[in-house]
Amino acid sequence: MRIPIIAGNWKMNKNNDEALHLVNELKNEVNDTDVEVVLCCPFTALSEVKKATEGTKIKLGAQNMHWEESGAYTGEISADMLLNIGVEYVIIGHSERRQYFNETDEIVNKKVKKALEKGLKPILCMGETLEEREGEKTFEVVKRQAIKGLEGISNDDLEKVVIAYEPIWAIGTGKTASSSDANAVIAYIRDVVKELYNDTISENIRIQYGGSVKASNASEIMMEEDIDGALVGGASLEAEAFLGIVRF
Ligand SMILES: O=C(CO)COP(=O)(O)O
């Protein structure tokens with residue numbers, strides 16, 4: 001039984017006042033849900049959100065981390081720093097990081113490995129551009145991203161990994177992949193995991209969909225057999241919109 005995971009990716013939004021306001025609206029509303037709820041806040045809000053969600057079902061996630069232990073990497077944040085404030089999940093390889101910060105599959109893999117070594121649970125993102133989709137390259141792209149992103153990760157560690165399939169053309173555009181198309185790609189990613197690992201691991205790994213998920217399309221998406229939750233951008237910035245997804 002895979003427990004669905006719904007994670008809000010706030011991206012570069014919410015100062016601490018705004019973060020606390022949103023968290024206070026959410027925190028008592030998710031206690032009766034069966035899904036795992038994660039808030040991936042900006043680094044600056046993590047400590048405050050952690051304190052504000054103590055004793056609730058809300059879990060904390062970061063949006064990025066560096067792959068080195070510590071040292072002269074101005075502006076970067078290490079896994080230990082995140083763990084120290086109670087972060088449990090970390091988004092790795094989001095398409096915006098790949099696109100604007102030149103993160104390659106190799107960098108993504110280093111980050112996934114470091115997160116796991118330290119005890120953080122990576123949410124490994126993958127997905128194709130519009131051009132790749134139109135060129136019928138979707139399956140090829142996600143296969144490459146899965147193989148390279150998961151390189152060198154043991155069977156035991158893979159149990160802690162969540163994969164997020166986010167077609168880039170569906171992010172922030174209002175366009176969603178149809179739920180059956182999204183399911184087909186996610187089922188394919190599950191097959192790739194089976195080839196790389198085994199049946200049980202591929203059955204157990206959670207794979208989310210991300211890209212313009214809203215309360216109005218969440219239930220259709222979540223009904224699909226292979227989709228185990230959502231990584232939500234825009235609709236996670238407002239309590240009612242996010243709760244509508246959590247309660248799909
Ligand atoms: O990038 C996303 C989540 O990581 C999706 O963003 P939107 O939900 O705003 O399309």
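**Reading burial, cores and a binding site**

Mentor: Let us start with one residue: Asn 9 is buried, with a relative accessible area of 4%, and please keep in mind throughout that this is a predicted model.

Trainee: How should I read that percentage, and where does Asn 9 lie?

Mentor: Burial here means a relative accessible area under 20%, so Asn 9 at 4% counts as buried. Asn 9 belongs to strand β1, which covers residues 5-9.

Trainee: Which residues is Asn 9 in contact with, leaving aside its neighbours within four places in sequence?

Mentor: Those contacts are Cys 40, Gln 63, Ile 91, His 94, Leu 231, Val 232, Gly 233 and Ser 236. One of them, Gly 233, also appears beside Asn 9 in the UniProt "binding site" annotation, which comes from an unreviewed entry and further lists Trp 10, Lys 11, Gly 172, Ser 212 and Gly 234.

Trainee: Why can residues that span 226 positions in sequence be said to gather at one spot?

Mentor: Sequence separation has to be set against distance in space: no two of their C-alpha atoms are more than 13.9 Å apart, so these residues gather at one spot although they span 226 residues in sequence. Among the annotated residues, Asn 9 and Lys 11 are included in the lining of the largest pocket.

Trainee: Is Lys 11 buried or partly exposed, and how does Ser 212 compare on the terms buried or exposed?

Mentor: Lys 11 is found in the loop between β1 and α1 (16-26) and, at 21% relative accessibility, counts as partly exposed. Ser 212 sits in the loop between β7 (206-210) and α11 (215-223), and its 15% relative accessibility makes it buried. For the backbone, look at phi: Lys 11 has a value near 55 degrees, which is positive in a residue other than glycine, and for Ser 212 phi is likewise near 55 degrees and positive.

Trainee: Turning to the nonpolar interior, which residues of the largest core touch the most other members?

Mentor: That core holds 66 residues, and the ones touching the most other members are Leu 39, Val 49, Leu 150, Leu 158, Ile 163 and Tyr 209. Helix α9 (residues 179-196) supplies the largest share of the core, six residues. A second, separate core has eleven residues, including Ile 5, Tyr 89, Ile 123 and Cys 125. As for Tyr 209, when residues up to four places away in sequence are not counted, the residues it touches include Tyr 165, Pro 167, Ile 186, Ile 221 and Leu 231.

Trainee: How many aromatic pairs does a search of the whole structure find, and how is such a pair described?

Mentor: A pair of aromatic rings is described by how far apart the centres are and by the angle of the planes. The search of the whole structure finds two pairs. Phe 139 and Tyr 188 make an edge-to-face pair, with 4.7 Å from centre to centre and 85 degrees between the planes. This pair links distant parts of the chain, since Phe 139 is in helix α7 (residues 138-149) and Tyr 188 is in helix α9, 49 residues apart. Both partners are partly exposed, Phe 139 with a relative accessible area of 39% and Tyr 188 with 23%.

Trainee: What sits over the ring of Phe 101?

Mentor: The charged end of Arg 97 does, at 4.2 Å from the centre of that ring.

Notes:
Residues numbered from 1 in each chain as written. Predicted model: local features only at pLDDT ≥ 70, side-chain atom pairs only at ≥ 80, totals over all residues. Heavy atoms only, no water. Core = buried A, V, L, I, M, F, W, Y, C linked by side-chain atoms within 4.5 Å. Buried < 20%, exposed > 50% of the residue type's maximum accessible area, 1.4 Å probe, protein only. Helix = DSSP H or I, 4+ residues; strand = E, 2+ residues; numbered from the N terminus. Contact = heavy atoms within 4.5 Å. Phe/Tyr/Trp six-rings, centres within 6.5 Å; stacked < 30°, edge-to-face > 60°. Lys NZ or Arg CZ within 6 Å of the ring centre and 35° of its normal. UniProt positions renumbered as here; feature names shortened; annotations may be inferred. 1 Å grid on protein atoms, 1.4 Å probe; cavity = no way out; pocket = protein on both sides within 12 Å on 5 of 7 lines; lining within 4 Å.
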